[in-house]
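Grab a pen and your favourite viewer. Below are some exercises on helix packing and strand pairing, each with a worked solution.

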Amino acid sequence: MSIKERLSGNEAVAIAIKQINPDVMAAFPITPSTEIPQHVSTFIANGEIDTEFIPVESEHSSMSACIGSQAAGARSMTATSSCGLALMFEMLYIAASLRLPITMPVVNRALSGPININADHSDSMGARDAGWIQMYAENAQEAYDNLIQAVRIGEHKDVLLPVMTCQDGFITSHAVENIEILEDEKVKDFVGEYKAEKFLLHKTDNMSMGPYDTSAYYMEHKYQQAVGMENARKAIEDVAADFAAMSGRKYDYIEKYKMDDADFAIVIIGSSAGTAKDAIDELRHEGVKAGLVKIRVYRPFPEQEIADALSGVKVVGIMDKSEGYSNNGGPMGAEVKAALYGNGRNIKAVKFVYGLGGRDVKIESIREVFDNLIEVEKTGNVPAHYQYIGLRR
Amino acid sequence: MNERIEIRWHGRGGQGAKTASLLLADVAFSQGLYVQGFPEYGPERMGAPITAYTRLSSAPIRVHSNIYEPDYVVVMDETLVGPVDVTAGLSKDGAIVINSSKDPSELAALISDYAGRVYTVDAASISMQTIGRNIPNTPLLAAVVKVSGAMDETIFIENMRHSFEHKFADKPEVIEGNLKALKMAMEEVHLYER
Amino acid sequence: MKDNEMKNISPNSTYQEMTPAGNIYGSGTSQMFNTGDWRTATPVWAADICKQCLLCFPVCPDSSIPVSDKKRADFDFDHCKGCGICFKVCPFGAITMKDGE
């Protein structure tokens with residue numbers, strides 16, 4: 001039996017960390033993720049867990065500390081947002097290339113400037129190619145569930161990659177909502193004990209990590225990483241199946257909402273998916289066959305799943321909560337469109353940018369997107385350019 | 001109750017609008033409702049106008065936007081009535097509850113466009129009398145429960161007692177005062193008769 | 001990947017044959033690489049001039065001055081790269097450099 005609770009997204013993540021009881025938590029505070037290490041350090045101070053907390057002087061150092069401790073053989077975590085994630089940029093690549101399964105909750109916040117503390121995905125989208133597995137949550141429940149699964153996905157022997165689990169700053173991190181948490185023992189059993197096969201502090205098996213890699217070897221090592229990411233696909237499925245058996249909550253790479261007969265669909269990530277579901281219910285009530293595809297796992301990118309989910313759709317809107325400055329929308333727009341092209345789907349697609357820097361995304365905002373899609377179907381004219389939603393002109 | 005009740009809180013930084021929005025969500029949760037409580041975040045400072053929100057529902061809540069058409073509005077500081085459009089989007093079938101010691105007619109004149117019910121409660125005075133400090137949160141919570149009928153009043157008081165017993169475990173002497181504040185606010189929240 | 005296969009990793013190895021992340025298993029593996037053939041200049045040790053002060057061996061970047069019983073012996077030319085640091089520190093002129101291997 002799950003425990004019914006009401007928690008903010010940050011509290012939910014902190015409780016997940018408490019239940020996972022990692023060996024090391026190294027963190028530097030940054031809004032809106034600060035509460036996570038704050039709660040965890042309280043749990044430690046109260047003797048509820050025996051995690052070693054490392055206060056550091058920057059996020060470059062928090063990730064470096066995680067890399068050091070994970071390499072030494074300890075299950076390590078940190079949490080960050082926005083500029084903090086950006087300051088880790090160099091170390092993100094080191095963690096992934098050293099094949100260290102660090103887990104990191106990211107509380108999404110606009111990456112300056114102008115300076116802003118509210119949600120969008122420009123921070124984690126900037127790190128999407130760093131070699132980390134990326135998962136995104138719609139609400140506190142998913143933020144909690146994703147983190148617990150992330151530990152096992154990253155540590156899977158065929159994967160060995162770090163995982164970031166993202167949720168929207170303030171919108172879910174600071175909103176108190178209903179949630180079902182698992183019993184401590186269940187989480188403990190689920191994640192198990194971390195036993196690295198090779199690690200630096202092994203008593204007898206000495207090893208060195210992070211040697212200089214010449215051109216003669218570098219591509220092979222990068223390809224090994226790609227194989228790990230490929231293997232993550234099965235690990236994500238297997239871990240989700242185990243998690244469903246334990247919790248009753250099912251997860252997949254993507255979530256489809258009212259897609260079976262949808263004429264118009266949007267592809268979306270994060271908290272606005274919930275708002276969009278309400279908008280879709282309204283539209284359905286009015287006779288519009290609307291649906292949505294929510295991407296839960298962005299790395300590895302679920303290209304086939306997205307293409308299949310959209311196969312019967314007339315027009316699709318792809319919703320980016322970050323600019324790409326490609327002059328044609330954000331990263332999701334590009335990748336989802338590529339998925340459709342690669343699978344030979346001739347579906348009209350419109351790219352949107354919305355919700356930057358915490359711009360509130362209302363039910364009406366989503367309806368505006370669908371109005372756009374319906375117009376495209378009516379006129380047959382697909383806008384050559386991407387569209388901004390909620391922009392004053 | 002209705003399928004969903006949406007409440008918007010207006011306060012000034014430091015007055016506890018966020019805490020109130022979360023407290024109401026908390027007590028509604030104890031009654032088995034689905035809840036959402038959240039403030040609007042920005043560069044907050046003591047005294048700056050801030051907004052917080054509470055959603056209560058009999059069904060799971062998926063929407064993640066601010067509340068634009070609230071059923072109820074609570075104003076924690078009467079000086080916000082006027083400078084802030086506190087009745088924006090407020091349902092005329094709902095009500096506004098203002099923490100004030102002023103004559104309700106003075107405040108009603110400032111929001112004369114609003115056709116719904118206007119309530120006042122002197123939460124500052126009630127909290128001074130019962131708790132001994134100006135903590136308008138607690139009486140305002142009771143006032144909005146009374147006005148909205150969002151939950152059973154007796155069960156509300158009982159749940160709050162449990163919550164206080166937990167919160168004030170190390171100073172049980174303040175529990176009775178807090179409970180008294182709730183009951184007084186329920187009695188002393190006045191409807192302005194136009 | 002077994003540890004003893006480490007030494008078989010070469011620029012012809014496939015990605016499957018290589019250790020993850022280029023990790024190096026075991027210790028003292030640099031002994032497997034005979035860097036001596038990089039040498040363009042060679043130190044020459046004059047045992048009769050040497051006072052066994054032992055200032056030279058700690059500065060050798062390649063641990064190519066073997067020491068036992070508090071006495072150094074001749075260079076390990078399998079690994080000495082001929083950098084000349086030992087020649088610079090020797091106070092007694094017991095080490096000289098000659099061109100070539």
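## Exercise 1: strands across chains A and C

Strand S9 (residues 207-208) of chain A and strand S1 (residues 24-25) of chain C run antiparallel and are joined by two bridges. Keep in mind that this is a predicted model. Task: find which residue stands opposite Met207(A), then describe the side of chain C that touches chain A.

Solution.
- Start from the pairing: Met207(A) has Tyr25(C) of S1(C) opposite.
- Now widen the view to the chains: 17 residues of chain A are in contact with eleven residues of chain C.
- Sort the chain C side by class, and you get seven nonpolar residues, four polar and no charged.

## Exercise 2: a sheet built from two chains

Task: work out the strand order of the open sheet of nine strands, and say which strands are at its edges.

Solution.
- Walk across the sheet: the order is S1(A)-S8(A)-S2(B)-S3(B)-S1(B)-S4(B)-S5(B)-S6(B)-S7(B), and the pairing is mixed.
- Look for strands that pair on one side only: these edge strands are S1 (3-8) of chain A and S7 (190-191) of chain B.
- Check the place where the chains join: S8 (residues 176-181) of chain A pairs with S2 (residues 34-39) of chain B, antiparallel, over two bridges.
- Pin that down with a residue: Val176(A) is opposite Gly37(B) in S2(B).
- Add the helix: H4(B) packs on the sheet and touches S1 (4-12), S4 (72-75), S5 (95-99) and S6 (117-121) of chain B. The direction of H4(B) makes about 160° with that of S5(B).

## Exercise 3: two helices of chain B

Task: classify the packing of H1 (residues 17-30) and H4 (residues 137-148) of chain B.

Solution.
- Get the geometry: the axes come within 10 Å and cross at roughly 45°.
- H1(B) and H4(B) are therefore oblique to each other.
- For handedness, H1(B) passes H4(B) in a right-handed crossing.
- List who touches whom: H1(B) brings Thr19(B), Ala20(B), Leu23(B) and Leu24(B), while H4(B) brings Asn137(B), Leu140(B), Leu141(B) and Val144(B).
- By class, that contact has six nonpolar residues, two polar and no charged.

## Exercise 4: two helices of chain A

Task: do likewise for H7 (residues 140-155) and H9 (residues 215-247) of chain A.

Solution.
- The axes cross at roughly 130° and come within 9 Å.
- That angle makes H7(A) oblique to H9(A).
- The crossing of H7(A) past H9(A) is right-handed.
- Among the contact residues are Asp145(A) and Arg152(A) of H7(A), and Ile236(A) and Phe243(A) of H9(A).
- The class count for this contact is seven nonpolar, one polar and two charged.

Technical notes. Residues numbered from 1 in each chain as written. Chains lettered and ligands numbered in written order. Predicted model: local features only at pLDDT ≥ 70, side-chain atom pairs only at ≥ 80, totals over all residues. Axes fitted to C-alpha atoms, helices over the stretch in contact; angles between N-to-C directions. Helix = DSSP H or I, 4+ residues; strand = E, 2+ residues; numbered from the N terminus. Parallel < 35°, antiparallel > 145°, perpendicular 65-115°, else oblique. Left-handed = near helix turned anticlockwise from the far one by under 90°. Contact = placed C-beta atoms within 7 Å. Nonpolar A, V, L, I, M, F, W, Y, C, P; charged D, E, K, R; others polar. Pairing = 2+ DSSP bridges.
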